[in-house]
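Reader: I am in my first year and have not read many structures. Please pick one part of this one, go through it closely, and then show where it sits in the whole.

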Amino acid sequence: MSKYVLGISCYFHDSSVALVKDGVLISAVQEERFTGIKGDPSFPSRSIEWSLSANNISIKDIDYIIFYEKPLKKFLRILNSSIEHFPKSRQFFISQMKRWLSEKIWTKTNISKKLKFNNKNILFCQHHLSHASSIYYPSNLDHSCIVVNDGIGEDQSFSIWSAEDNKINLKYEIIFPKSLGLFYSTMTSFLGHAVNEGENKVMSMSTYGNDTLKDKMNKVIYLDDKEIFNQNMEYFEYHFSLYNNFSKKLKNLFGDPRMPNSPFLNQDLKIDNSKAQHYANIAQATQNITEAVIKQQVEFAYDLFPSKNVCLSGGVHLNCKANHESLKNSQFQNVHINYCPSDAGGSIGASLWAWNNVVEEDRNKFKQDVYLGPGFDDEFIENTLKNLKIDYSKYHNNTDLLIDVSKDLQDDKIICWFQGKLEFGKRALGNRSILARPDKKEISMKINEFIKNRESFQPFASSIMEDKVNEYFKLNEKFKNSYKFMSVIAYDNKKHSNHLSGVLHEDESCRIQIVSENDNRLFYTLLKTFYDLTKIPLLLNTSFNLRGEPIVDNPIKAISTFLRSKCDVMYIGKFKIVNNV
Ligand SMILES: [Fe+2]
């Protein structure tokens with residue numbers, strides 16, 4: 001009889017659920033995909049319902065439920081921090097107590113009542129251990145150092161772990177309020193972007209800056225030989241304020257914060273004015289010190305637990321530029337950063353930890369799969385199209401479909417692509433994507449401005465055939481396990497730059513997904529078909545969603561999103577829909 005572990009991550013941001021059957025991760029999905037609320041932090045009832053029904057089981061079949069962090073420990077940290085900073089923390093304290101006492105602190109009881117599940121079989125995994133497990137267990141490595149870097153867990157903001165023979169042990173930790181992740185989030189809000197959403201925009205802005213603010217930034221955060229780095233907390237208020245994460249002192253240092261959506265690039269994609277240049281310089285100082293700190297963290301980790309391998313997790317490692325710059329010369333030979341470094345991956349890590357440490361000690365070797373969410377067969381899709389009275393054409397084989405997609409792409413069409421099972425995580429890895437040819441700047445500008453409503457400085461990722469990538473990008477062998485998840489950037493090797501006009505960033509880098517036939521056969525075959533037609537082996541690939549919305553999960557949302565967008569054609573299963581608007 002099969003054994004099941006259900007992992008849950010919620011109540012902070014990016015709620016999710018993962019299901020492990022006999023040691024294998026068989027499904028995982030984020031609640032936002034069902035509710036339509038981006039980053040939805042609520043209890044993931046709909047994800048649980050889907051996980052059980054999609055795998056033909058009921059809650060009675062679940063052996064253990066595991067929550068991705070320890071609520072009581074987190075509550076005590078908030079309580080202690082509030083007391084320490086009282087009365088400045090008064091509003092923060094009142095707000096937090098309301099939230100915690102009404103729901104969060106009763107997590108075990110809530111899960112037990114909501115799911116009618118025996119509370120003796122509800123487990124808790126430490127937040128950073130969930131992050132560590134989400135990268136180590138799917139990696140199939142035996143021996144690895146693990147580095148976790150995020151805003152804040154219960155009280156850890158950084159940790160180093162040893163992993164040997166299936167067991168993960170803590171070697172080093174940095175405790176709140178010191179936090180590289182919260183520093184970056186603070187600068188994200190200073191630069192006019194939403195926390196937990198706009199960090200990638202700071203990374204993009206940074207390439208337009210220059211390094212003139214290094215000394216000023218070093219007053220805020222600086223390297224330290226003994227403690228890796230230090231932060232001057234006088235510049236921050238996130239540890240006690242409900243409303244501000246930075247203090248007046250930071251404003252005195254860098255001037256007024258940037259207003260959201262204020263001009264940055266002009267129509268020629270050059271810095272708009274001196275104010276914009278100043279903010280670009282702040283972004284670069286933020287990015288540079290972050291890269292320097294991570295480099296120091298990784299060197300520290302290697303000294304503490306030398307290994308051929310390093311696994312990295314936590315929201316900070318969504319920063320694909322920092323991942324590249326900090327680790328490109330590290331002593332670790334293999335760098336593993338996968339598709340779920342953020343808190344959403346906590347459910348995956350916790351469930352795999354429970355399997356390997358509570359249920360069985362026998363580790364299953366399995367292929368790391370990112371396509372873990374809902375999928376829909378052609379019959380379901382066709383019925384949906386008929387019910388919605390949508391005109392469509394139908395293909396009877398993938399070959400004809402892929403030829404038509406490729407011809408449309410060649411003709412400058414912007415394509416919505418909905419195939420197979422939904423990806424887990426923030427990146428669209430070829431099943432729920434908006435695709436376009438990569439060699440025309442005007443197409444990427446159109447997608448930015450009219451489809452995704454993004455700021456013009458935000459670059460696009462590209463997906464490229466595994467067997468052609470060396471002809472286009474300078475690769476580093478260390479990152480071979482990370483390129484397929486869009487976890488690191490790569491630089492143009494200048495052999496075919498004319499094919500990269502729409503996907504190269506200001507610094508000639510690109511966030512790439514190397515696609516193999518083994519990892520995603522249909523998507524690889526699409527790239528190959530497009531290559532046969534155009535001699536270009538890559539596509540611009542951005543997530544299939546509109547601004548402020550999560551990636552689409554089902555055909556109805558896909559159709560609705562497509563019809564509201566300015567995309568030209570949608571290929572959904574074996575069906576083609578043309579947008580006549
Ligand atoms: Fe985290």
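Author: First, a definition: helices and strands here are DSSP runs, numbered from the N terminus, where a helix is a run of H or I with at least four residues and a strand is a run of E with at least two. The model is a predicted one. The part chosen for a close look is strand β6, which covers residues 144-149.

Start with how covered the strand is. Of the 6 residues of β6, 6 are buried. In a regular strand, side chains alternate between the two faces of the sheet. For β6, one side carries S144, I146 and V148, and the other carries C145, V147 and N149. The residues on both of these sides are all buried, so neither face of β6 is left uncovered, given that a residue counts as buried when 20 or more other C-beta atoms lie within 10 Å of its own.

Next come the neighbours along the edges of the strand. One of them is β7, residues 156-164, which pairs with β6 in the antiparallel sense over 6 bridges. To find this pairing in the structure, look at V148 in β6: its bridge partner in β7 is S159. The link between the two strands is a hairpin, and 6 residues lead from β6 through to β7.

Another neighbour is β11, residues 309-313. Here the strands run parallel, and 4 bridges join β6 to β11. A residue to look for in this pairing is C145, which stands opposite V310 of β11. So far, then, β6 has an antiparallel pairing with β7 and a parallel pairing with β11.

These pairings belong to an open sheet of 5 strands, in the order β8-β7-β6-β11-β12, with mixed pairing. At its edges are β8 and β12, the latter covering residues 334-336, and each of these edge strands pairs on one side only. From one strand to the next, the twist of this sheet averages 20°. Beyond β11, the order continues to β12. β11 and β12 run parallel and are joined by 3 bridges. N309 in β11 has N334 as its bridge partner in β12.

At the other edge of the sheet is β8, residues 167-175, and the loop between β8 and α7 (180-190) holds P177. The peptide bond from F176 to P177 is cis, with omega near 15°. A cis bond also joins F86 and P87, where omega is about 5°. P87 is in the loop between α3 (71-84) and α4 (90-102).

There is another open sheet of 5 strands with mixed pairing, and its order is β3-β2-β1-β4-β5. β3 and β5 (122-124) are at the edges; each has a single partner strand, so one side of each has no neighbour in the sheet. The twist averages 20° from one strand to the next in this sheet. Strand β4, residues 64-67, pairs with β5 in the parallel sense over 3 bridges, and F67 has F124 of β5 as its bridge partner.

Two loops beside strands of this sheet hold residues with a positive phi. Y11 lies in the loop between β1 (4-9) and β2 (16-21), and its phi is about 75° although Y11 is not a glycine. D22 lies in the loop between β2 and β3 (24-30); its phi is near 50°, also positive in a residue other than glycine. Their surroundings can be compared with the cut-off given earlier. Y11 has 21 other C-beta atoms within 10 Å, so Y11 is buried. D22 has 15 C-beta neighbours inside 10 Å and therefore counts as partly exposed.

Finally, the whole. The protein has 18 helices and 22 strands, and β6 is one of those strands. Along its principal axes, the C-alpha trace spans about 65 × 65 × 45 Å. A compact globule of 581 residues would have a radius of gyration near 25 Å, and the protein, at 23 Å, agrees with that. Buried residues make up 50% of the 581 residues; in β6, the buried residues are 6 of 6. Among the contacts with a separation of 6 or more, 72% are between residues 24 or more positions apart.

Note on methods:
Residues are numbered from 1 along each chain as its sequence is written. This is a predicted model: local features need pLDDT of at least 70, side-chain atom pairs count only at pLDDT 80 or more; totals for chains, interfaces and linings use all residues. A residue is buried if 20 or more other C-beta atoms lie within 10 Å of its own, exposed if 12 or fewer, and partly exposed in between; C-beta atoms are placed from the backbone. Two strands pair if DSSP finds at least two bridges between them. The radius of gyration is taken over C-alpha atoms; the globule rule is 2.2 Å times the number of residues to the power 0.38. Two residues are in contact if their C-beta atoms, placed from the backbone, lie within 7 Å. Axes are lines fitted to C-alpha atoms, for helices over the stretch in contact, and angles run from 0 to 180 degrees between N-to-C directions.
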